[in-house]
Amino acid sequence: MLSAKEIRQSFKDFFASKGHRIVPSAPMVIKDDPTLMFTNAGMNQFKDIILGQKVPESRRVADSQKCLRVSGKHNDLEEVGHDTYHPTLFEMLGNWSFGDYFKAEAIDMAWEYLVDVLKLDPARLYATIFEGSPAEGLARDDEAAAIWLKHLPADHIINGNKHDNFWEMGDTGPCGPCSEIHIDLRSDAERAAKPGVELVNHDHPQVIEIWNLVFMQYNRRADGSLEPLPAKVIDTGMGFERLCMALQGKTSNYDTDVFTPLIDKISQLSGKKYGADKDVDVAMRVIADHVRTIAFSIADSQLPSNAKAGYVIRRILRRAVRYAYTFLEQKQAFMYRLVDTLIADMGDAYPEIAQQRDLIVKVIKEEEDAFLRTLENGIRLLDDAVARAKAEGRTTIDGREAFTLYDTYGFPLDLTMLILRDSGMDVDQAGFDAEMQAQKERARAAAAVEAGDWVILADGEQQFVGYDADSADTRILRYRHVKQKNRDFYQLILDTTPFYGEMGGQTGDRGTLTDKTTGEVTEVTDTKRENGVAVHIVKKLPADPEAVFTAAIDKDARMATSANHSATHLLHHALREVLGSHVEQKGSYVSPEVLRFDFSHFQKVTPEELRKVERLANRMVRAAMPLDEHRDMPIADARQMGAMALFGEKYGDKVRVVRYGDSIELCGGTHVANTGNIGMIRIVSESSIAAGVRRIEAITAANVEDALDAVTDTVKAVGALLGNAPDVTAALRKALDENADLKHQAEEYFKERIDNLARTLVDRADHTAAGTTLVTMRGTRMPDVVKGVAFAVRKLSPVTTAFVAATTDAAGKPLLTIALTDDLTSGANASTIVRQAAKSIKGGGGGQPGFAQAGGKDADGLEKAFAEMAAAIN
């Protein structure tokens, strides 16, 4: 029986023998495609080629791509663990042809690999083909059906509808019919009782799709119409985990050696046996699946967070923690101990997880610890909600309250329901669902984008000249109108552009397009990068889009951005020199105003270390090191040169190397001609952004001058306030010491005044019929004075004494205060009394049984409120 490692390698070897170039997996986390957060299919890394925006280096390509499906239309998260074949992270084995072979070769190669190489039983295989769509004028895919008849009997070739057998990249773009290969893994007896043809595409767990062959031959326009695609594309994707299941004779992905090492380790650590309890089994499958996703995400530099892709990863991690907590009784961090097992299993195929091992372990453990604390807090909040409901005679927790626990505190609904069941209570599921739906609709509305069709003015590929020029003559290749968040704008793609499109943490250029004939100026407000092309954002379309323009960037903004970008390289080098070679970039942001640099390090950087880093970087600035730039360098040569590659980035065969002295990095951004142009680097902050990841923010050039001027002006102003003392620090310390003495004297005087006032009020106190000493206060008083007097009264008269005050502050705002000595709290509650009385001043408040306060809006009700409080004292 082939192991998972052997199966993966056999696929690559087979397609290499068929003339395919084997390429590495792209990062799972996508950074430069606004339409996707994660790689969810093998074709994502080839999207710019499929869209015709890039010429492929090879016409035939194959790979094993790590993919993630947890969001958008491919949202399988809640099914993971409960069924046997839905993972979050999965490997997609794929082969592509870009204008080379098409249907016949794709089908023949797929059959040869499955039957001749892997020896799958052909009697268990079925193929689906597109049945056609009369509404769109699309005929049945008879071509594919005829090719399949060479390999399969007619009753194993099944017509499929548009949903299953017509693949589309999105609402617009390349699309075409597809042919799925399904396998029937049932026993011979089951197959004899019911033919597999009746179960294909009917969600049977043992009759499953293993390979999808997509024949891209159309382009979908914004109006829904189809047009032929100039260069036809083959895009195939085979689920690696499902293939392993078929070849290893298993009926579940989780029974293959893709998952069994992890499940065995979970069983060992938890003391629970897999296969003995349904809930425990689900929990183990969830954890085994999710730890893979989390580890690969961190290795690709996407850390758990509260925004975008980071939020999705945090949700997945917390789902796993919840299952471990609830069903495996793991009350301490647990999953981080699985990382070494994962690396042993997948580290050879994906070396990034081995290289990032320490960071992965650290991040997972800290995230687990944090969420376990959240679970404890959530349980306390839920206990309070249960107590309130029972006091009000309810057996159901309000759906909105349950949603707040979920949304604000991260407390999952199913755990809420489990805990409530133990208390004999339930949750308003409909109310929760309504709140969840409302949130989704708000998010959908905020993210909605309406984009028109590209209006093509000319054919051609874009050429970027921005490394060498700040302006260029250009024409518009294509444009389209876009609406987003109540904004209307146009996207332009130019044939020649000096504009750098936002990428790799560097913000995009802004500038102008000037019509060379009429002189009309169109402002370019931003430049984005989509599918390998710079997209220029303008508020209005030029009067004559087909004119020749001068494209010119904002040179000052570009220079400031370049200085900041080059500074990140120098800081990276300096951090590694000062802190150690474990430091690696985990993210960056570079704009004209500021730079942020995120890096791996497991403790706070001390002020002394920061100063060393800053001085070393500025030494490189003063050395005015020239930019040593190498474009289109073979990546092997770049690595031999010592260039640092960043985890989570996708590099081609040819790369750009940016070198300043000993700082050597692979980078596509813009940089200064020599480090002297940076002027100076000033680190302004250092902080933690995640477990094992620190962030420094810094400024350069003119921004440093502005900051130094501000500091100088502040020092001068402080010196003037201190009488222009020659030693400002000593003078300030003396002033602070004197202020502390005066503050202490004032506090003592204030306390003495309060004690005297309390003594006077106690001397004037009334006594109730029950013998309680009733001390009262009214009039205009500072709130701090009222509170101080209340506690002073309790100290002066520690038994059978009540203090009741109805006062206003200097602004006329009413305040009710009540304090009871400990012996009175057995029969009265200050918080209850003050809440009831606060209604008379249109306010509210509360506190403890012995002390409570309430504010309000209506001072006219003070007398009534005072009377109610006094009457409540026995």
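Q: What makes up the exposed surface of this protein, and how much of it comes from carbon and sulfur atoms?
A: The protein exposes about 40400 Å², and carbon and sulfur atoms supply 49% of that area. Keep in mind that this is a predicted model.

Q: How many of the residues count as buried, and what does that label require?
A: A residue is called buried when its relative accessible area is under 20%. By that cut-off, 49% of the 874 residues of the protein count as buried.

Q: What are the dimensions of the box that the C-alpha atoms fill, and how many helices and strands does the protein have?
A: Taken along the principal axes, the box is roughly 110 × 75 × 55 Å. The protein has 24 helices and 35 strands.

Q: What share of the contacts in the protein with a separation of 6 or more comes from residues 24 or more positions apart?
A: Such pairs account for 68% of those contacts. A contact here means heavy atoms within 4.5 Å.

Q: Why is I147 called buried?
A: Its relative accessible area is 10%. The cut-off for buried is under 20%, so I147 qualifies with its 10%.

Q: Where does I147 lie, and which residues is I147 in contact with beyond its neighbours within four places in sequence?
A: I147 lies in helix α4, which covers residues 142-148. Leaving those neighbours aside, I147 is in contact with K103, A104, I107 and D108. As for V197, 50 residues apart from I147 along the chain, the C-alpha atoms of the two are separated by 19 Å.

Q: What makes β25 and β27 edge strands?
A: Here is the sheet to look at: three strands form an open sheet in the order β25-β26-β27, with antiparallel pairing. The strands β25 (628-634) and β27 (663-666) each pair on one side only, and they are the edge strands. Neighbouring strands of this sheet are turned by 20 degrees against each other on average, direction ignored.

Q: How do you know that β25 and β26 pair?
A: Pairing calls for at least two bridges between two strands. Five bridges join β25 to β26 (residues 654-660), so the requirement is met, and the two strands run antiparallel. To find a spot on the model, look for P634, which stands opposite K654 in β26.

Q: Which helix lies across β26 and β27, and at what angle to β27 does that helix run?
A: That is helix α17 (residues 555-579), running at about 120 degrees to β27.

Q: What makes β34 and β35 a pair, and how many residues lie between them?
A: Four bridges join β34 (residues 844-847) to β35 (residues 851-855). At least two bridges are needed, so these strands count as paired, and they run antiparallel. They form a hairpin with three residues between them. In β35, the bridge partner of G845 is A854, while G847 has A852 as its partner.

Q: How do you know that β33 pairs with β35 too?
A: Strand β33 (residues 814-820) shares five bridges with β35 in the antiparallel sense. Since at least two suffice, this is a pair as well. One place to see it is L815, which stands opposite G855 in β35.

How values were computed: Residues are numbered from 1 along each chain as its sequence is written. This is a predicted model: local features need pLDDT of at least 70, side-chain atom pairs count only at pLDDT 80 or more; totals for chains, interfaces and linings use all residues. Side-chain values use heavy atoms; hydrogens and water are left out. Buried means under 20% relative accessible area, exposed over 50%, partly exposed in between (1.4 Å probe, protein chains only). Accessible areas come from the Shrake-Rupley method with a 1.4 Å probe; for residues, only the protein chains shown count as cover. Axes are lines fitted to C-alpha atoms, for helices over the stretch in contact, and angles run from 0 to 180 degrees between N-to-C directions.
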